[in-house]
Amino acid sequence: MTWMVYGANGYTGRLIAELAVQRGERPVLAGRSREKVEPVAAALGLEHRAFSLENARGNLGDIDVVVHCAGPFSQTSDAMVDACLKSRTHYLDITGEIDVFESVSLRHIDARKAGVVLLPGAGFDVVPTDCVAAMLKEALPTATHLDLAFVVGGGASAGTTKTSVEAAAVGGRIRVNGDLRSVRIGHRRRTAYFRSGPREVGSIPWGDVSTAYRSTGIPNITTFTTVPGVLGQLQQLFAPVLQTSLVQNLAKNVAGKVKGPDERKRANTRAEVFGEAWDAKTKVECAITTPNAYSLTADSVLRAIGKIHDVAPGSHTPSSAFGAGFVRELDGVVAGQIRFS
């Protein structure tokens with residue numbers, strides 16, 4: 001199998017490439033800039049290519065799987081998905097963007113006709129949360145509500161920070177009776193019972209309001225992390241300013257200078273996920289601990305590549321592709337028991 005990391009010069013793309021080499025894999029590294037991709041490929045002894053997204057199809061003819069790491073995915077995923085469908089190349093990415101999940105899901109029939117698997121969110125966004133959602137649905141098939149919470153340590157990469165800049169201008173999103181709705185960030189607060197102990201969290205827009213709905217069919221979904229209670233009010237107040245192209249460009253230029261956690265920090269930080277689902281009579285909950293989010297992403301992507309040819313063509317979530325237990329297969333993941341109340 002020949003596979004490619006597109007955006008290999010970015011923080012997460014490089015981590016994936018480095019781990020691939022450690023595991024004896026030989027991916028093709030690619031990106032828009034030859035000057036940026038070539039040094040990464042030379043350091044790892046790998047083949048490299050440079051091409052724009054507009055020219056992607058002509059560079060995928062001999063590629064079985066693309067791992068798309070060039071975000072923000074709201075600006076790049078459509079073009080790469082189109083190229084993958086035309087070249088009959090399986091597509092993975094590491095997005096956490098709700099609208100990207102929604103857009104890729106609409107290509108399900110196209111992907112089936114092309115014999116292609118489309119799997120957005122193959123990293124920390126949204127493998128652990130999606131698998132927890134699927135576990136809870138299996139435990140309580142009648143669930144009507146789902147809350148998912150996470151906390152991460154170690155800091156963010158430039159790509160993640162740029163995506164957060166975009167999200168800050170949009171505000172919160174939740175799933176209500178099957179429909180996506182806009183709300184302010186932090187519109188709900190609750191206690192999440194992580195394996196390390198309880199923490200107060202606030203609602204945020206996270207990919208699972210799209211993916212967990214597709215994975216489980218649960219019609220009411222809210223996602224959470226630790227956010228100051230005043231953040232939602234500030235977001236609402238400054239949203240008109242945050243949405244201007246000038247402020248977005250300035251903020252993204254600053255975000256582009258963020259370097260992401262180094263190897264030592266990744267090794268010494270963890271992430272946690274908590275999920276709770278309920279119906280009119282019963283609640284179920286589960287908590288897991290994972291390695292640093294970026295370390296998990298690299299591991300998850302490589303394991304997904306090894307399994308992707310066994311997945312039915314179409315658009316998938318991590319759990320619909322590999323099952324609810326996929327997250328338990330990843331290095332360093334510790335999952336608690338499902339608890340009923």
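Select helix α4 (residues 98-105) and helix α8 (residues 208-216): their axes come within 8 Å and cross at roughly 40 degrees. This is a predicted model. Two packed helices are described by the angle between their axes and the distance between the axes. Angles under 35 degrees count as roughly parallel and 65 to 115 as roughly perpendicular, with the rest, short of antiparallel, as oblique. α4 and α8 are therefore oblique to each other.

Now show side chains where the two helices meet. On the α4 side, pick I98, F101, E102 and S105. On the α8 side, pick V209, S210, T211 and R214. Colour this contact by class, and three nonpolar, three polar and two charged residues appear.

Stay on α8. Which of its residues are buried? Select D208, V209, S210, T211, A212 and T216. Buried here means under 20% relative accessible area. V209, S210 and T211 are thus named twice on this tour: they meet α4, and they are buried.

Next, display what lies over those buried residues. The cover includes helices α4 and α6. Strands β7 (145-152), β8, β9 and β12 (220-225) are also part of the cover. Then step past the end of α8 to G217, where phi is positive, near 75 degrees.

**Cis peptide bonds**

Go to G71 and P72. The peptide bond from G71 to P72 is cis, and its omega is near -5 degrees. For the setting, show β4 (65-68) and α3 (73-87): P72 sits in the loop between them.

Move on to D125 and V126. What joins them? A cis peptide bond does, with omega about 10 degrees. V126 belongs to the loop between β6 (117-119) and α6 (127-139). That brings you back to α6, part of the cover over the buried residues of α8.

**Positive phi outside glycine**

Select R88, in the loop between α3 and β5 (90-93). R88 is not a glycine, yet its phi is positive, near 60 degrees. Is R88 buried or exposed? Its relative accessibility is 55%, so R88 counts as exposed; the cut-off is over 50%.

Finish at N177. Find it in the loop between β8 (172-176) and β9 (179-183). N177 is not a glycine either, and its phi is positive at about 50 degrees. With a relative accessible area of 56%, N177 is exposed. The strands on either side of this loop are β8 and β9, and both are included in the cover over the buried residues of α8.

Notes. Residues numbered from 1 in each chain as written. Predicted model: local features only at pLDDT ≥ 70, side-chain atom pairs only at ≥ 80, totals over all residues. Heavy atoms only, no water. Axes fitted to C-alpha atoms, helices over the stretch in contact; angles between N-to-C directions. Helix = DSSP H or I, 4+ residues; strand = E, 2+ residues; numbered from the N terminus. Parallel < 35°, antiparallel > 145°, perpendicular 65-115°, else oblique. Contact = heavy atoms within 4.5 Å. Nonpolar A, V, L, I, M, F, W, Y, C, P; charged D, E, K, R; others polar. Buried < 20%, exposed > 50% of the residue type's maximum accessible area, 1.4 Å probe, protein only.
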